[in-house]
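I opened my notebook for a slow walk through this one. Here is what I looked up, in the order I went.

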Amino acid sequence: MKKWISLILVLMMLFTFAACGEVSPQEPDPQPPAEEKIYDANGEEFMKPESVDRISVVTYGGAIQEMAALGQSEKVVSMPEAEPDSMLLKVFPILENAVDVGALENVNVESLLKLEPDVVFGPSQKKKAQMEELGLKTFALYCSRAKTDTLMDEFRNLGLLFDATDISDKLIGYFNEKMAYLEDILSKIPESERKSVYYVKNDITSAMSFDFIHHYFDVAHVDFALGDGNAKEVSVEQVLAMDPDMIMTWNRSGEGYGVILNDERIENLRAVKEKQVIIAPEGVFTWERPSPEIMLGYMWMAKTVYPEYTEEIDLKAEAKAFYHDFYNYELSDEEYESFFYSESAK
């Protein structure tokens, strides 16, 4: 019996030592978070180069303004030529050093190659293929195809590409905040009080109708007088039948204002009789095209069409705050006033 007891004690001691010496499995080493993928406007994944120190912009439509708002103006080696007295060059004077190698189908690829850009933004499909065959990395942008959501998505992707997510996140947050603010105000407008606007180029029969302008009007709770279509040529009879509350003209020289008001063919339109002809403002970029400034455009449109519902929107304060926060520029009253081409809300 004693032998059995001794054996049991020995086995118990061995078990205890084994248990005490047991090593618990180690936790696996934490892995670094996977890098977010970057996509261009065509939905193509973009492989980020080792450095993005030299960038070329070969398109229009707010592209250069995106680069500047995201803090990349010093890296721009080429862009379409800007007017010498433009607000763009006043706010970002370093862009005067950028070379103009053309845009879209008119890019001089040989001149572009000499600049050795790390990324070329916004080439046409034809030029994109040619550039990539020569070893250039290209990135498609939405430009006039954008809407608010896709524009914000582009900010996110560019922020990743430029290692500037602090700026892109701030810009996206600003867009979300202002969209909610504006919708809260405009949602109070009864359907019976919605107004219609007809957008023209120069002549009353040359309609400006494309996907973004429909979106632009929708955000501002404005009906596009031409309807859902994208017609370009419209008869005088059609315009008379529309009888829009307002007419917006694209002519940035200001001539369009007088051309519309003095057109005897439409002298009986309400918009003409009441001189409700407007021209979108233009700061660093025009306020009725997709760009970082488009929120100011939405607010301007809402204030212009619905002044009685939008009294709380201080557009001058909004513009000054935006220029300070995203352009690092102190906008003066005189500069703000220069944005406007007609008797628009300021």
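At what angle do helix H7 and helix H13 pack, and how far apart are their axes? I looked at this pair before anything else. Helix H7 spans residues 165–186 and helix H13 spans residues 315–327. I read an angle of about 165 degrees, with the axes 12 Å apart. Angles over 145 degrees count as roughly antiparallel, so H7 is roughly antiparallel to H13. I also noted the handedness: H7 passes H13 in a right-handed crossing.

Next I listed who meets whom. On the H7 side I found Lys-170, Leu-171, Tyr-174, Lys-178 and Tyr-181. Their counterparts in H13 are Glu-318, Phe-322, Asp-325 and Phe-326. By class, the residues of this contact divide into five nonpolar and four charged, with no polar ones.

A note on trust, since this is a predicted model. The chain averages a pLDDT of 88, and 86% of the residues score at least 70. I marked residues 1–5, where the pLDDT is below 50. Beyond near neighbours in sequence, that stretch has zero contacts in the model. Residues 7–25 got a mark as well, with pLDDT below 50 and zero contacts beyond near neighbours in sequence.

Then I turned to the sheets. In what order do strands S3, S4, S5 and S6 lie? I wrote down S4-S3-S5-S6, an open sheet of four strands with parallel pairing. Its edges are strand S4 (76–78) and strand S6 (138–139), each pairing on one side only. I checked one edge pairing: strand S5 (residues 119–121) runs parallel to S6, and two bridges join them. Val-120 has Thr-138 in S6 as its bridge partner.

I found another open sheet of four strands, in the order S8-S7-S9-S10, again with parallel pairing. Here the edge strands are S8 (223–224) and S10 (277–278), and each pairs on one side only. In the middle of the order, strand S7 (residues 196–200) pairs with strand S9 (residues 246–249) over four bridges, in the parallel sense. For a landmark I picked Tyr-198, whose bridge partner in S9 is Ile-247.

Which strands does helix H12 lie across? I noted S7, S9 and S10. Helix H12 covers residues 294–305 and runs at about 145 degrees to S9.

Notes: Residues numbered from 1 in each chain as written. Predicted model: local features only at pLDDT ≥ 70, side-chain atom pairs only at ≥ 80, totals over all residues. Heavy atoms only, no water. pLDDT = per-residue confidence, 0-100. Contact = heavy atoms within 4.5 Å. Pairing = 2+ DSSP bridges. Axes fitted to C-alpha atoms, helices over the stretch in contact; angles between N-to-C directions. Parallel < 35°, antiparallel > 145°, perpendicular 65-115°, else oblique. Left-handed = near helix turned anticlockwise from the far one by under 90°. Nonpolar A, V, L, I, M, F, W, Y, C, P; charged D, E, K, R; others polar.
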